Amino acid sequence: MKSDVVGIGAPINKKDLKELMKETKETLAVDAKTEGNNRSFGVVDLWNVQKRQRTSASMMRRLN
């Protein structure tokens, strides 16, 4: 059984600390959106997913 535990106050070397504190610039991909993909996940879609899961589970029960 391993007994190596790193506590909350574990020391971090300066190189790692500098990399963690470095600011990164973000860019948004606003023009990457396709025009024909405006469909959202609705109640009917959720019902269909649950229906497929029930069917799969019943098939597995029958096979075992």
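Three exercises with worked solutions follow.

This is a predicted model, in which local features need pLDDT of at least 70, side-chain atom pairs count only at pLDDT 80 or more, and totals for chains, interfaces and linings use all residues. Residues are numbered from 1 along each chain as its sequence is written, and side-chain values use heavy atoms, with hydrogens and water left out.

**Exercise 1.** State how many helices and strands the chain has, and what share of its residues is buried.

Solution. Step one: helices (H or I, at least four residues) and strands (E, at least two) are DSSP runs, numbered from the N terminus. The chain has two helices and zero strands. Step two: buried means under 20% relative accessible area, exposed means over 50%, and partly exposed lies in between (1.4 Å probe, protein chains only). Of the 64 residues, 2% are buried.

**Exercise 2.** Decide whether Asp 45 is buried or exposed, and list its contacts.

Solution. Step one: Asp 45 belongs to helix α2. Step two: its relative accessibility is 16%, so Asp 45 counts as buried. Step three: a contact means heavy atoms within 4.5 Å. Leaving aside residues up to four places away in sequence, Asp 45 touches Arg 39 and Ser 40.

**Exercise 3.** Do the same for Phe 41: where is it found, is it buried or exposed, and which residues does it touch?

Solution. Step one: Phe 41 sits in the loop between α1 and α2, the latter spanning 43-63. Step two: Phe 41 counts as exposed because its relative accessibility is 59%. Step three: not counting residues up to four places away in sequence, Phe 41 touches Leu 46 and Val 49.
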